[in-house]
Amino acid sequence: MPTERTEIKEDERVDDLQRNNLKIIQKTKGFCFGMDAVLLSGFAVVKPEETLLDLGTGTGIIPILLSAKTEGKKFIGLEIQEEVADMAARSVRMNQIEDRVHIIKGDIKEADQIFGRASFDVVTSNPPYMNDAHGLKNPNLPKAIARHELLCTLEDVVRTAATLLKTGGRFYMVHRPHRLNEILQVLTAYKLEPKRIKMVHPYADREANMVLIESVRGGKPMVKVEAPIIVYQQEGRYSDEIYEIYGY
């Protein structure tokens with residue numbers, strides 16, 4: 001249950017993350033985190049004493065989950081929408097993890113001024129997947145911002161990650177396979193060398209609908225294409241790997 005100091009608004013609900021007794025506040029009818037964020041939290045590696053920044057953190061799901069899954073020192077979520085950032089910050093307080101997780105309201109494009117260059121070991125992002133040429137814009141602004149490149153582009157996200165990472169630092173991103181060629185070009189243009197690529201398929205006989213990518217700031221050219229993740233072993237039942245990632 002929420003602590004006494006945590007405000008839950010009328011249009012919000014509290015969901016159980018099924019890990020370490022963590023919970024998260026989400027809008028009842030607004031944008032909620034999806035499997036892509038959970039898969040990214042399972043793909044990213046955060047070592048002891050490392051600091052992490054999540055760009056466009058939304059509900060704060062990625063830093064909250066990674067604070068439970070890893071031994072990282074500090075996890076920061078950057079979110080431009082004031083109402084969403086406030087909701088994420090209340091989730092952090094509700095879980096009493098303020099000593100490790102912090103939510104900052106700010107623009108990705110100004111992140112280097114907020115934090116300083118080369119200040120993080122790890123950067124993560126579950127950025128908007130659709131550029132102006134793909135998909136209809138959702139009339140709900142928070143949802144539209146989460147799904148479409150309205151406030152930041154793929155290049156904005158990659159450029160910011162490259163600026164904020166220490167040499168040898170790692171950038172983890174989840175995106176759509178149809179933009180993979182563009183993603184790899186942008187990453188290498190900003191000296192983020194792709195190191196691991198993992199496709200995500202809804203079923204074993206279906207095309208991939210997500211891709212997870214790890215890149216290293218100033219790394220040498222060599223990429224490993226890992227075994228794919230299959231989400232469902234049959235309709236209504238996740239694969240064993242998904243249950244493991246979720247922590248069931």
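**View 1. Strand β3 is mostly covered.** All five residues of β3, which spans residues 51-55, are buried: five of five. This is a predicted model, so take each view here as a look at a prediction. Which residues of β3 point one way, and which the other way? T51, L53 and L55 go one way, while L52 and D54 go the other way, and all of them are buried. That fits a general habit: in a regular strand, side chains alternate between the two faces of the sheet.

**View 2. A closer look at T51 in strand β3.** T51 has its place in β3. Is T51 buried or exposed? Its relative accessible area is 16%, and buried means under 20%, so T51 counts as buried. Leaving aside residues up to four places away in sequence, T51 touches K74, S119, F120, D121 and V122.

**View 3. The partners of β3, strands β4 and β6.** Let's start with β4, residues 74-79: five bridges join it to β3, and the two run parallel. If you pick out L53, its bridge partner in β4 is I76. Now for β6, residues 120-125, which is joined to β3 by four bridges and also runs parallel to it. Here D54 is the one to look for, since its bridge partner in β6 is T124.

**View 4. From β3 over a helix to β4.** What do β3, helix α2 and β4 make together? They form a right-handed β-α-β unit, with α2 covering residues 61-69.

**View 5. The largest nonpolar core.** This core holds 36 residues, and L39 and L212 touch the most other members. Several elements give two or more residues to it: α1 (35-43), α2, α3 (82-95), β5 (101-105), β7 (165-175), β9 (210-217) and α8 (240-246). Which of them gives the most? That would be α1, with six residues.

**View 6. L212 and its neighbours, plus another core.** Setting aside residues up to four places away in sequence, L212 touches L39, L40, F43, M173, V174, R196, I197, K198, V200 and I229. Apart from the largest core lies another one, made of 26 residues, among them A111, V158, L165 and I197.

**View 7. The two sides of helix α7.** In α7, residues 180-189, you can find L180, I183, V186 and L187 buried. Why do these four sit on the same side of α7? They cover an arc of only 130° around the axis, and that puts them there together. As a general point, an α-helix has 3.6 residues a turn, so residues three or four places apart point the same way. Swing over to the other side of α7 and you meet N181 and A189, which are exposed.

**View 8. What covers α7, and what comes just after it.** The cover over the buried residues of α7 includes α6 (154-164), β7, β8 (192-201) and β9. Just after α7 comes K191, which takes a positive phi of about 60°.

**View 9. Stepping back to the protein chain.** The chain has eight helices and 13 strands. Of its 248 residues, 52% are buried. Among contacts with a separation of 6 or more, 69% are between residues 24 or more positions apart. The chain exposes about 12,200 Å², and carbon and sulfur atoms supply 49% of that.

How values were computed. Residues numbered from 1 in each chain as written. Predicted model: local features only at pLDDT ≥ 70, side-chain atom pairs only at ≥ 80, totals over all residues. Heavy atoms only, no water. Buried < 20%, exposed > 50% of the residue type's maximum accessible area, 1.4 Å probe, protein only. Contact = heavy atoms within 4.5 Å. Areas by Shrake-Rupley, 256 points an atom, 1.4 Å probe, with all protein chains shown as cover. Pairing = 2+ DSSP bridges. Right-handed = clockwise from strand over helix to strand, strands pointing away. Core = buried A, V, L, I, M, F, W, Y, C linked by side-chain atoms within 4.5 Å. Arc of directions from axis to C-beta.
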